[in-house]
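Open the model in your viewer and colour it by secondary structure. Keep the sequence panel visible, since each stop is a selection by residue number.

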Amino acid sequence: MAFAQPVAQGQALDREAVIDQARRRSWGVRVAVVRSGEARALREGASMPARENPSLQLRSGPRWTSDRGALPDFSFALTWPIDLSGSPRARERHADAAAEAAEAELRNSARVAIGEALDLYARVLGADEMLRLSESRAALDEGLARVAGVRRAAGATGDADVAMASAVRAEASARVLRARAEREALRSELLATLSLDPQSPTEVSGTLAPPAPPAALDELLARADRRSDVLSAGALAQLARADVEVQRRAGTPVPRLLLQGIRENEVFVQAGLDLPLPIYQRNQTARAVSAAVAATRDAQREALRARARAEVVAAWRRSEGAARAFEALSMALGAVDETEHLATRASIAVRRTTSTVASSE
């Protein structure tokens with residue numbers, strides 16, 4: 001597996017860099033770019049005037065006559081298909097529809113890649129904040145453990161409180177280690193998603209604060225029908241309808257012009273028309289399948305449209321809750337800092353009291 005080069009030596013990934021890297025270099029986008037080449041390849045030969053090649057038959061051999069013996073004979077037949085069904089134009093429209101569907105899928109792949117990358121980016125930043133909170137809590141528990149030790153030395157508490165404080169301190173240390181490992185795991189996953197080396201030292205920077213005020217729900221719902229996956233489904237439905245037209249025209253017989261020359265003692269030339277009769281084969285299977293596929297694509301487009309609107313509502317609700325949770329956590333960080341400060345002051349006060357008592361004794 002080959003990875004892209006880091007964004008820059010020593011440069012951290014911020015939100016804009018994550019979006020740009022996901023749009024250009026993520027694996028999903030790179031695969032979609034290659035797949036679009038398959039669709040463009042359909043344009044090769046789409047405008048050919050007929051599906052079959054002209055054919056030339058040459059025959060030669062001796063002919064035995066009663067009066068002259070063996071005589072050389074020669075004949076040729078040239079047949080040239082003349083497609084009057086309009087299939088070339090239908091195939092061109094189908095190739096154009098395939099290219100448009102591939103471009104729509106490419107845009108949708110970019111949207112999905114950016115969404116996945118931003119989700120991981122936010123989770124990395126969240127892991128950073130959780131690590132800071134865990135470290136603050138560990139520092140607080142360390143201070144409380146020191147206070148318990150000083151109080152036990154002063155005779156103000158027993159061994160049970162010291163043991164409990166030590167257990168809480170150990171749990172806080174373990175929580176810090178888990179938070180640090182989770183942050184590193186998410187960072188590596190983000191780098192791999194962006195086709196960067198997950199073992200590179202590239203760091204992630206930014207804030208969990210929303211980059212802009214959230215849009216109103218009605219505005220987001222109005223834009224749901226223009227979401228890239230809905231547009232991609234519409235392009236696939238258009239491609240299926242173009243294929244229906246191609247298969248319908250392919251069921252039209254292709255006549256062949258015939259030119260034949262024969263030398264049998266005498267030389268003569270014949271011209272004619274070879275016209276297949278559509279009695280058994282009228283491309284029935286391909287026409288029926290293409291019509292069924294077109295109906296399926298239409299149903300998928302409507303289902304995607306409905307799902308897009310539902311996902312917009314759900315995402316908007318989650319965004320609202322996440323914003324409130326962010327505010328609550330921000331307030332909690334201040335409370336933890338204040339508690340740590342108070343614990344430190346209490347530890348100092350206990351030490352001074354113990355020192356004073358020891359001096360008086």
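The tour goes from the whole chain to the sheet, then to one helix and two pockets.

**Whole chain.** Start with everything selected, and keep in mind that this is a predicted model. The protein has 7 helices and 4 strands. Stepping along the sequence, you meet them in the pattern α-α-β-β-α-α-α-α-β-β-α. Of the 361 residues, 30% are buried.

**The sheet.** Select the four strands together. They form an open sheet in the order β1-β2-β3-β4, with antiparallel pairing. At the edges are β1, residues 55-65, and β4, residues 266-274, each of which pairs on one side only. Ignoring direction, neighbouring strands of this sheet are turned by 15 degrees against each other on average. As background for what to display here, strands of a sheet pair through backbone hydrogen bonds, either parallel or antiparallel.

**β2 and β3.** Next select residues 69-81, which are β2; this strand is joined to β3 by 8 bridges, and the two run antiparallel. To check the register, pick T79: L258 in β3 stands opposite T79.

Stay in β2 and pick L78, which lies in this strand. Is L78 buried, partly exposed or exposed? Its relative accessibility is 27%. Buried would need a value under 20% and exposed one over 50%, so L78 counts as partly exposed. Now add S55 to the selection and draw a distance between the C-alpha atoms: L78 and S55 are 23 residues apart along the chain, and these atoms are separated by 5.9 Å.

**β3 and β4.** Move on to residues 256-264, strand β3. How many bridges join β3 to β4? There are 9, and the strands run antiparallel. Two cross-strand positions can be picked out: R256 stands opposite D274 in β4, and L259 stands opposite A271 in β4. Then centre on the turn. The hairpin of β3 and β4 has 1 residue between the strands, and N265 there takes a positive phi near 65 degrees.

**Helix α5.** Leave the sheet and select residues 217-224, helix α5, where L217, L221 and A224 are buried. Look down the axis of α5: the buried residues fall within an arc of 50 degrees, so they line one face of the helix.

**The largest pocket.** Keep α5 displayed and add α3 (87-153) and α7 (284-360); each of these three helices supplies at least two residues of the lining of the largest pocket. Which helix gives the most to this lining? It is α7, with 15 residues. The volume of the largest pocket is about 1800 Å³.

To put the view on its centre, select R15, L118, P211, A315 and S319, which lie nearest the centre among the 42 lining residues. Colouring the lining by residue class gives 25 nonpolar, 6 polar and 11 charged.

**The second largest pocket.** For the last stop, select T252, P253, V254, P276 and Q281. These lie nearest the centre of the second largest pocket, which is lined by 14 residues. The space in this pocket is about 220 Å³. With the class colouring still on, its lining shows 6 nonpolar, 4 polar and 4 charged residues.

Note on methods:
Residues numbered from 1 in each chain as written. Predicted model: local features only at pLDDT ≥ 70, side-chain atom pairs only at ≥ 80, totals over all residues. Heavy atoms only, no water. Buried < 20%, exposed > 50% of the residue type's maximum accessible area, 1.4 Å probe, protein only. Arc of directions from axis to C-beta. 1 Å grid on protein atoms, 1.4 Å probe; cavity = no way out; pocket = protein on both sides within 12 Å on 5 of 7 lines; lining within 4 Å. Points joined across faces, edges and corners; volume = space filled by probe spheres on them. Nonpolar A, V, L, I, M, F, W, Y, C, P; charged D, E, K, R; others polar. Pairing = 2+ DSSP bridges. Axes fitted to C-alpha atoms, helices over the stretch in contact; angles between N-to-C directions.
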